[in-house]
Amino acid sequence: MPEAPNLPDACDVAVVGGGPAGLAAATELKRHGVPRVVVLDREPAAGGIPRHCGHYPFGMREFHKVLRGPDYAGRLVARAEQAGAEIQTGVTVTDIQPGGILSLITPEGTGELQARRILLCTGVRETSRAARLIGGQRPQGVLPTGALQSLVYLEKMKPFARPVILGSELVSFSALMTCRHAGIAPQAMIEPNERVTARSFAQGLPKLLGVPVHLGCEIERIIGREQVEAVQLRDRKGRRWELACDGVLMTGRFTPEATLARMGHLELDLGTGGPRVDQDGRSSDPNVFVAGNLLRPVETAGWSWKEGLRVAQSLARDLEAPRAREVTLELQIQGDAIRYLVPQRVTLPLEEAALESIQLRVARPARGSLLIRSAGRILWGRRLSALPERRILLPLDVLKNAAPDHPVEVVFEEEEGL
Amino acid sequence: MSQADASLPERYDVAIVGGGVVGCAMARRFTLEGARVVLLEKAVDILDGASKGNSAILHTGFDAPPSSLEQRCIAEGHAEFLEIRESLGLPLLQCSAIVAAWSEEEVARLEELMDQARANGVDDIVPLSAAEIRAAEPSLSGKVKGGFRVPREALMDPWSTPHAYLLQALANGAEVRRACEVTGGQFDGSSWLLETSTEVLRAHSVINCAGLFGDLLDQRLLGETGFSIKPRKGQFLVFDKAAAQLVSSIILPVPTEKTKGIVVCRTVFGNVLVGPTAEDQESRCDSSTDAATLKSLQGKAAEIVPGLAEIPVTASYAGLRPASEQKDYRIQAYPERNYVSVGGIRSTGLSAALGIARHVLGLHQGFGPRFTAPRQPRVPEVPSRLSEYDPRAWEEAGNGGIVCHCELVTRAEIERVLQGPLPPRSLSGLKRRTRVTMGRCQGFYCTGALARITEGAFDSPLAVRAAEGEDEDA
Ligand SMILES: Cc1cc2nc3c(=O)[nH]c(=O)nc-3n(C[C@H](O)[C@H](O)[C@H](O)COP(=O)(O)OP(=O)(O)OC[C@H]3O[C@@H](n4cnc5c(N)ncnc54)[C@H](O)[C@@H]3O)c2cc1C
Ligand SMILES: Cc1cc2nc3c(=O)[nH]c(=O)nc-3n(C[C@H](O)[C@H](O)[C@H](O)COP(=O)(O)OP(=O)(O)OC[C@H]3O[C@@H](n4cnc5c(N)ncnc54)[C@H](O)[C@@H]3O)c2cc1C
């Protein structure tokens, strides 16, 4: 096995992924005096997704300033380097094994790294056309927003001139803005649900830009042999029609880039699609921690940054003196209104938790009572009306009253007549 | 036809029409025999027809109609593939197949199928009880009732294989024309004058390997044809690589009259494949998928291997079988017109192609000239090794870094293919040669870098440079 020349073969913490979460964590670990912190990123430069986002807003939480993605990424990298973290780019981690062993690919060949702890911060990607089971032909020009952003902002290129945008999440509006920036004219926004997914401020935007929005409408087929020529749409009433376009932007429906977990030995959570963790971000392997969007789809850069920081604090404490864990409580979702929650387990005592709340998302619009129960007792409850893709936070500290040998149940008791 | 055309000298012994797997194997065979070969393909790249999407199984022919031409060609093709694959750098996943019965009616048919296998010379099959199947395939649904193992069924690389055949032909003097459709031709009693969309050329013989258009080409050139193509679509789903831990053998159903049925198997690329359907249709080129069928395939997959319900889908595609109105290959020589029609190579052409080529060479010897084989045929350089189960290019120093992160395709591999003897002119061609963008992210991470690397290489580029001034602030 040819060894990559300038890579260390051992370190204290190997951070996989140099996006906001990974860079924040590396900086914080150095501040806590951890000697060797190595950040590994497969891209030619660290910074993660924001490096591809030539738009605002980034950085309010971190720098108290509204920055563009690349400037924000640059500042995070500089901070991590100043703090003494070692950033290795162009390095792909292909495998992690119990005992803190990472397998690497570099342009010079393969390598191995031994770490006392591993922190996974590999982020999310959008759900592909294939995973959405969209039928039709397979022309080029069907892209996720991530691809559009890197073409437009990093390469100064454009893949099409008149695409349709599938989805109406925040990122879909980011796609809309990126199109506008590049002189690309979206023909329509298409949303399978009856309402726009993103928060209300975005709702006026397509109208403002003169882009028609089709709600309750699906892309049934993609048409075109070499390049996209049209999409066939179908609405709730079963009406079908073709819309001419030369590309399709598959926006949103984020899913964690959890390949290392999936292919390796970590327990995965079917709800988030990421590794199962406790309130410190610790996975089923006690030497492997997780932070940022890999925990769940999808949060802002600032949120992911904060998580990186907090998980790093837990990790630093763990390096000093691993905490004795007496009681582990599994959190179980009841019913199908809740899509996921994080963390999926907690270990008592709860003090100094890295994840300060239980993060939850609903699978569909729902109204009723959200309850945390333990051994038939209600620990916490709140009435609310919830929409998908919105952040919902539940207090973590109520779990200190949970019955020790029962799973904690989280349930959304829905009311009729929504 | 002009005066000049009529006096065009005969530059080729054999013109092969069609760059599917059959045409590629044909070009290799005739070139290695010493013939001057030209292969004519109407699409911008080879492998644009039936050979674009299949299950990639190297069949033994155990379930082929006994003593059919198809069965003979599969047996010969299989044997020759095993002989040459290492020298051509072609992967093979020798994982064997299990024919699994899921109902008592299917169990009742196993005996007859095993007899058929033995009659086809596949005498190493092993009957398996339900318990033995579960022991061998612990992730398979517990509902399996019994079956048998076919040890020599294996998995191929469906694209590198025909590429390697054609590259070997090119390395030994054959020529290829892409984006060159045969539109007509005349036989003057001793040779053919072929009209194409780009040029006119003269060849002693014509071999029709036009797959889904075989009957139409016969009509065009001979004014008659012995068969008619009945396209039969097959849709597939591809599961992410984590699924490969769930299946070891190729899981075949008990075949029916019409189809081999839905298969679950790994791919040499490390994924798991589920399909194909069998849908008769009129169109010879519409290989589109539909959501309802993909959804039902996803359900079917989870019925066979329950763990697949939790694994994401990374790709879907469809292929068209060039079936005809009969259940055998339709290969016919027209000796008085120096012509062989290779039709109806329906659902086993990848396995049988080398055997078909030998069979056609035999037919050609009945009317064609004798060739003198080169003493030391050249072996082409292997542009990329794509099997997940063999060493990959990223393991080498100087790989240039990873461009496609999901499939671990290196910059060096992409550049080698773009500068090679048969460069792709479209993204689909580059995909088939290197697997870029074929993984789980479908371009989320690599499209930008890829657009830059392939600039100028494709007829329709992945992206164009933004015009000056367009890159201002929004
Ligand atoms: C189009 C788009 C627009 C957005 N706009 C905004 C916005 O305006 N404001 C905002 O706050 N947020 C925005 N976001 C969200 C924001 O980008 C994310 O919240 C943030 O990047 C998450 O950070 P992270 O560190 O968890 O992951 P990422 O930023 O995704 O970083 C993950 C890193 O891991 C690396 N990696 C992955 N796998 C491996 C491996 N195997 N080996 C080595 N390296 C690996 C990747 O190269 C990447 O650099 C946007 C997201 C998208 C997609
Ligand atoms: C769903 C499915 C699953 C399959 N599974 C397997 C399997 O597991 N194992 C196996 O061995 N086989 C399998 N097959 C079968 C195999 O794919 C086919 O038998 C094989 O691809 C047929 O190849 P071909 O060269 O005859 O035809 P094609 O690949 O169609 O090639 C014909 C070529 O001729 C060109 N052409 C047509 N007309 C003209 C013209 N006038 N001028 C110039 N060029 C022309 C076309 O563009 C095309 O490229 C499967 C097939 C399908 C569809």
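This is a guided tour of a predicted model, moving from ligand 2 and its surroundings to the cysteines and then to a histidine in chain A.

**Ligand 2 and its contacts**

Start by selecting ligand 2 together with the residues around it, a shell of 42 residues in which the closest are B:Glu41, B:Ala50, B:Ser51, B:Ile345 and B:Ser351. Among these, pick out B:Ser51 and display its side chain, where a polar atom lies 2.5 Å from an oxygen atom of the ligand. Next, show the backbone of B:Gly349, since a polar atom there is 2.9 Å from an oxygen atom of ligand 2, and then the backbone of B:Ala56, where the corresponding distance from a polar atom to a ligand oxygen is 3.4 Å. With these contacts on screen, turn on a surface for the ligand: taken alone, ligand 2 exposes 1,000 Å², and the protein buries 98% of that area.

**The elements and domains of the shell**

Now colour chain B by secondary structure and look for the elements that each give two or more residues to the shell around ligand 2, namely helix H2 (21–33), helix H7 (214–222), strand E13 (232–239), strand E18 (313–321) and helix H9 (349–365). Recolouring by domain shows that domain 1 (8–91 + 156–227 + 324–380) and domain 2 (97–151 + 230–321) of chain B each supply at least three residues to this shell. If you colour the shell by residue class instead, you will find 19 nonpolar, 16 polar and seven charged residues around ligand 2.

**Cysteines**

Select the cysteine sulfurs next. How many disulfides does a search of the whole structure find? Over all chains the search finds zero, and two cysteines of chain B can be inspected as examples. The sulfur of B:Cys24 has its closest cysteine sulfur in B:Cys209, and because the two are 9.3 Å apart they are too far for a bond; B:Cys24 itself is buried, with a relative accessible area of 0%. For B:Cys285, the closest cysteine sulfur is that of B:Cys180, at 18 Å, which is likewise too far for a bond, while B:Cys285 is partly exposed, with a relative accessible area of 45%.

**A histidine in chain A**

Finally, move to chain A and centre the view on A:His55, which is found in the loop between strand E2 (37–41) and helix H2 (60–63) of that chain. Is A:His55 buried or exposed? Its relative accessibility is 17%, and because the cut-off for buried is under 20%, A:His55 counts as buried. Add the side chain of A:Ser174 to the view, and a polar contact of 3.0 Å can be drawn between the side chains of A:His55 and A:Ser174.

Note on methods:
Residues numbered from 1 in each chain as written. Chains lettered and ligands numbered in written order. Predicted model: local features only at pLDDT ≥ 70, side-chain atom pairs only at ≥ 80, totals over all residues. Heavy atoms only, no water. Near = heavy atom within 4 Å. Polar contact = N/O pair within 3.5 Å; in protein donor to acceptor, adjacent residues only side chain to side chain. Areas by Shrake-Rupley, 256 points an atom, 1.4 Å probe, with all protein chains shown as cover. Helix = DSSP H or I, 4+ residues; strand = E, 2+ residues; numbered from the N terminus. Nonpolar A, V, L, I, M, F, W, Y, C, P; charged D, E, K, R; others polar. Domains from an automatic or database assignment. Disulfide = S-S within 2.5 Å. Buried < 20%, exposed > 50% of the residue type's maximum accessible area, 1.4 Å probe, protein only.
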